[in-house]
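The exercises below are to be worked with the sequence and the coordinates at hand. Each task is followed by a solution in steps.

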Amino acid sequence: TNEQNNERIEKYTKLFKEWSADPAEAPGRASNASDNQSEVQNGDEFLLLIVWDLITKSRKAPADQRSSEAFVFLLKALHLLQYGIKTSPNNFHFKLCSIFLLRQLAGVPESFKLYKALSIKYIQHDTMGWLIHSDLINQAFSGDATSNVSTALSFYNE
C-alpha cells in the first residue's frame, strides 16, 4: 500500500543518513568514504531502495493523477540518483537507474551521456546497447545511434 511504501522510504532515508554521514559508525561496514575508487559507498544501497520505492509509487499513482503525481515521484528519484552519482561517481547502478529514469522523462541527450559514462567495453555494447538505441532513433539522434551500433558491431569485425 501507499502507506507502507511511505514508511519504507522513511526507514531507508534514516538508514541512508546514518550510514553515509559517519561510515565508521555504520554497523558491519568498513569505512570507504575516502575511497572514491570504490564502486559502492556506505549507504548507497539505501539510496537505491528509496529510488525504487519512488518509482513504485509513480506506477501506483491514481489514474486521474498519474501524469503529474508520477512525474513528481520520478523527478524525486532522479534527483536522488544525481546526488548519489555526485557522492559515488563510480556507482554503476546509480548511472544505470538514471538512464532508466531519463528515458521515461524523455531526457535522451542526458541518458546517452550517462550511457557513455558507464565506460562499457566490447561485448557489453552488444548486450547493453538496447538501453538507449531505440530512444536515439525515435528522437532523431541518428549520428549517435549510428555510433552506438558501430561500436557494438566492431567487436564482431575484429
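**Exercise 1. A tryptophan in a loop**

Does W130 count as buried or exposed, and at what relative accessibility?

Solution. The model is a predicted one. Begin with the location: W130 sits in the loop that joins α6 (123–128) to α7 (133–138). Next, take the accessibility. The relative value for W130 is 58%, and the cut-off for an exposed residue is over 50%, so W130 counts as exposed. Finally, relate the loop to a later part of the chain: the C-alpha atoms of W130 and V149 are separated by 9.8 Å, with their positions 19 residues apart along the chain.

**Exercise 2. Overall make-up and confidence**

Describe the secondary structure, burial and contacts of the protein chain, and state where the model calls for caution.

Solution. Step one is the count of elements: the protein chain has eight helices and zero strands. Read from the N terminus, the order is therefore α-α-α-α-α-α-α-α.

Step two concerns burial and surface. Of the 158 residues in the protein chain, 37% are buried. The exposed area is about 9400 Å², and carbon and sulfur atoms supply 55% of this area.

Step three turns to contacts. Among contacts with a separation of 6 or more, 53% are between residues 24 or more positions apart.

Step four is confidence. The mean pLDDT of the protein chain is 77, and 77% of the residues reach 70 or more. Over residues 26–33 the pLDDT stays under 50, and the model has 18 contacts beyond four places in sequence for this segment. Where pLDDT is low, predicted coordinates should not be read in detail.

**Exercise 3. Helix α2 and its residue D44**

Test the length of α2 against the expected span, then describe the surroundings of D44.

Solution. For the 16 residues of α2, a rise of 1.5 Å a residue gives an expected span of 22 Å; the end C-alpha atoms are 23 Å apart, so the two values agree. The buried residues of this helix include D44, F46, L47, L48, I50 and V51.

D44 belongs to helix α2. Its relative accessible area is 2%, so D44 is buried. The side chain of D44 makes a polar contact, at 2.8 Å, with the side chain of S88. Beyond neighbours within four places in sequence, D44 is in contact with E39, S88, N91 and F94.

**Exercise 4. Helix α4 and its ends**

Characterise α4 from start to end.

Solution. At the start of the helix, a side-chain oxygen of N91 comes to within 2.9 Å of the backbone nitrogen of H93. The helix itself covers residues 92–104; its 13 residues reach 19 Å from first C-alpha to last, close to the expected 18 Å. Its buried residues are F94, K95, C97, S98, I99, L101 and L102. After the helix comes A106, with a positive phi near 60 degrees.

**Exercise 5. The aromatic pairs**

How many aromatic pairs does a search of the whole structure find? Classify each by its geometry.

Solution. The search finds two aromatic pairs. In one, the ring centres of W52 and F100 are 5.6 Å apart and the planes meet at 35 degrees, so this pair is tilted. The pair links distant parts of the chain, with W52 in helix α2 and F100 in helix α4, 48 residues apart. W52 is partly exposed because its relative accessibility is 38%; F100, at 25%, is partly exposed as well.

In the other pair, the ring centres of F112 and Y115 are 6.2 Å apart and the planes lie at 15 degrees, so this pair is stacked. Both residues belong to helix α5 (residues 108–117); being three residues apart, they are separated by about one helical turn. An α-helix has 3.6 residues a turn, so residues three or four places apart point the same way. F112 and Y115 are both buried.

**Exercise 6. The surroundings of F112**

Which residues does F112 touch, not counting those up to four places away in sequence?

Solution. F112 has a relative accessibility of 6%, and therefore counts as buried. Beyond four places in sequence, F112 touches I132, L136 and D144. A distance to helix α4 can be added: the C-alpha atoms of F112 and L102, the latter a buried residue of α4, are separated by 9.4 Å.

Key: Residues are numbered from 1 along each chain as its sequence is written. This is a predicted model: local features need pLDDT of at least 70, side-chain atom pairs count only at pLDDT 80 or more; totals for chains, interfaces and linings use all residues. Side-chain values use heavy atoms; hydrogens and water are left out. Helices (H or I, at least four residues) and strands (E, at least two) are DSSP runs, numbered from the N terminus. The expected span of a helix is 1.5 Å times one less than its number of residues. Buried means under 20% relative accessible area, exposed over 50%, partly exposed in between (1.4 Å probe, protein chains only). A polar contact is a pair of N or O atoms within 3.5 Å; within protein, one must be able to donate a hydrogen and the other to accept it, and residues adjacent in sequence count only if both atoms are side-chain atoms. pLDDT is the predictor's confidence in each residue, from 0 to 100. Contact means heavy atoms within 4.5 Å. Rings of Phe, Tyr and Trp (its six-membered ring) pair if their centres lie within 6.5 Å; planes under 30 degrees apart count as stacked, over 60 as edge-to-face and the rest as tilted. Accessible areas come from the Shrake-Rupley method with a 1.4 Å probe; for residues, only the protein chains shown count as cover.
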